[in-house]
Amino acid sequence: MISSLLFYFLDKFSICHFFHYFPLLSGQLLRSIAIFGASERENSVGEVVFRNLLSAGFSGGIYPINPRRDTIKEVKAYKSISEVQDTVELAVVITPAKTIPSIVRECGDHGVKAMIILSAGFREAGPEGRALEDQVVNIAKEYGIRFIGPNCLGLIRPSESINLTFGNNNAMPGNLALVSQSGAICTAILDWAEENGEFSNHLFIPFLFVLHRYTSTYMCLFSLLSLLFSTF
């Protein structure tokens, strides 16, 4: 009942469309992920995120995008997303902030509807960064892309073998989900969870800016809470 009421309320503000375009949040199985900035340079953000996804055991298509490499960790790499023949359901971006607008447009042209932008250098960096973020948002609106970010730690869904963070640990499947605006809090709780057992069977999203700025932080929390209620 609570879940139904929340979804009715959220639909009035067009927030539920986020779930339609973001399979990881809607309960559907995610089938393919592209990672812009995937790298083999040890302990770089691109290397850690890509390593975490491989180590988690994700069984769908994984497409590292790096114009300088033919393979990354023995996985075929692509110069651009346009070279990927398959449908890409989620794009993760770990490249410099100034490259993000063109990447969002490339993803839109390829039909990608969901993104996670881990890169920093946007509104937290001052007026120039704010203008760059506005540009990213406008391009995403043009293509109907929903994204988490920018400047975020990432996302983990243990039940689907997905770890798209640059942290040093993972979570075991359990019955608890966490949403936090603080990456530091998230990593601290993950450290605790690694020593104390199960953590999350559903969803883990540390974020700074979410849902494309279509909604306020409170509305973002409402939409994510509705997902949690729907799983009980």
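This report walks through a predicted model of one protein chain, from its overall make-up to a few individual residues.

## The chain as a whole

Let's start with the big picture. The chain has 232 residues, and 53% of them count as buried. Its secondary structure comes to 8 helices and 11 strands. As for the outside, the accessible surface adds up to about 11,000 Å², and carbon and sulfur atoms account for 53% of that area.

How do the contacts spread along the sequence? If you take contacts between residues at least 6 apart in sequence, 68% of them join residues at least 24 apart.

## How far to trust it

The mean pLDDT of the chain is 77, with 72% of the residues at 70 or more. Residues 1–21 are one stretch to watch: their pLDDT is below 50, though the model still gives this stretch 40 contacts beyond near neighbours in sequence. Residues 200–219 also have pLDDT below 50, and here the model shows 88 contacts beyond near neighbours in sequence.

A word of caution goes with those two stretches. Where pLDDT is low, the predicted coordinates shouldn't be read in detail.

## The largest pocket

If you're after a pocket, the largest one holds about 480 Å³ of space. Its lining is made up of 23 residues, and the ones nearest the centre are G37, N66, P67, R68 and T95. Sorted by class, the lining has 9 polar, 8 nonpolar and 6 charged residues.

Which helices help to line this pocket with at least two residues each? They are α4, covering 45–56, and α5, covering 100–110. Of the elements that contribute, α5 gives the most, with 3 residues in the lining.

## K98 and I156: outside and inside

Just ahead of α5 in the chain there's a loop that starts after β5 (90–93), and K98 sits in that loop. Is K98 buried or exposed? K98 has a relative accessible area of 71%, so it counts as exposed. Along the chain, K98 and G121 are 23 residues apart, yet their C-alpha atoms are separated by 8.4 Å in the model.

I156 belongs to strand β8, which spans residues 154–157. With a relative accessible area of 0%, I156 is buried. Put the two residues side by side and you get an exposed K98 and a buried I156. The C-alpha atoms of I156 and A171 are 7.7 Å apart, with their positions 15 residues apart along the chain.

## Backbone details worth a look

The loop between β7 (146–148) and β8 contains P150. The peptide bond joining G149 to P150 is cis, with omega at about 0°. N151 lies in the loop between β7 and β8 too. This residue isn't a glycine, but its phi is positive, near 60°. So if you're checking backbone torsions, this loop offers both the cis bond at P150 and the positive phi of N151.

E74 has a positive phi as well, near 70°, and it isn't a glycine either. You'll find E74 in the loop that runs between β3 (71–72) and β4 (75–76). Why does E74 count as exposed? Its relative accessibility is 79%, and the cut-off for exposed is over 50%.

Note on methods. Residues are numbered from 1 along each chain as its sequence is written. This is a predicted model: local features need pLDDT of at least 70, side-chain atom pairs count only at pLDDT 80 or more; totals for chains, interfaces and linings use all residues. Side-chain values use heavy atoms; hydrogens and water are left out. On a 1 Å grid over the protein atoms alone, a cavity is a set of points where a 1.4 Å probe fits but cannot get out, and a pocket is an open set with protein on both sides within 12 Å along at least five of seven lines; lining residues have an atom within 4 Å of a point. Grid points are joined across faces, edges and corners, and a volume is the space filled by probe spheres set on the points. Helices (H or I, at least four residues) and strands (E, at least two) are DSSP runs, numbered from the N terminus. Ala, Val, Leu, Ile, Met, Phe, Trp, Tyr, Cys and Pro count as nonpolar, Asp, Glu, Lys and Arg as charged, and the others, Gly among them, as polar. Buried means under 20% relative accessible area, exposed over 50%, partly exposed in between (1.4 Å probe, protein chains only). Contact means heavy atoms within 4.5 Å. Accessible areas come from the Shrake-Rupley method with a 1.4 Å probe; for residues, only the protein chains shown count as cover. pLDDT is the predictor's confidence in each residue, from 0 to 100.
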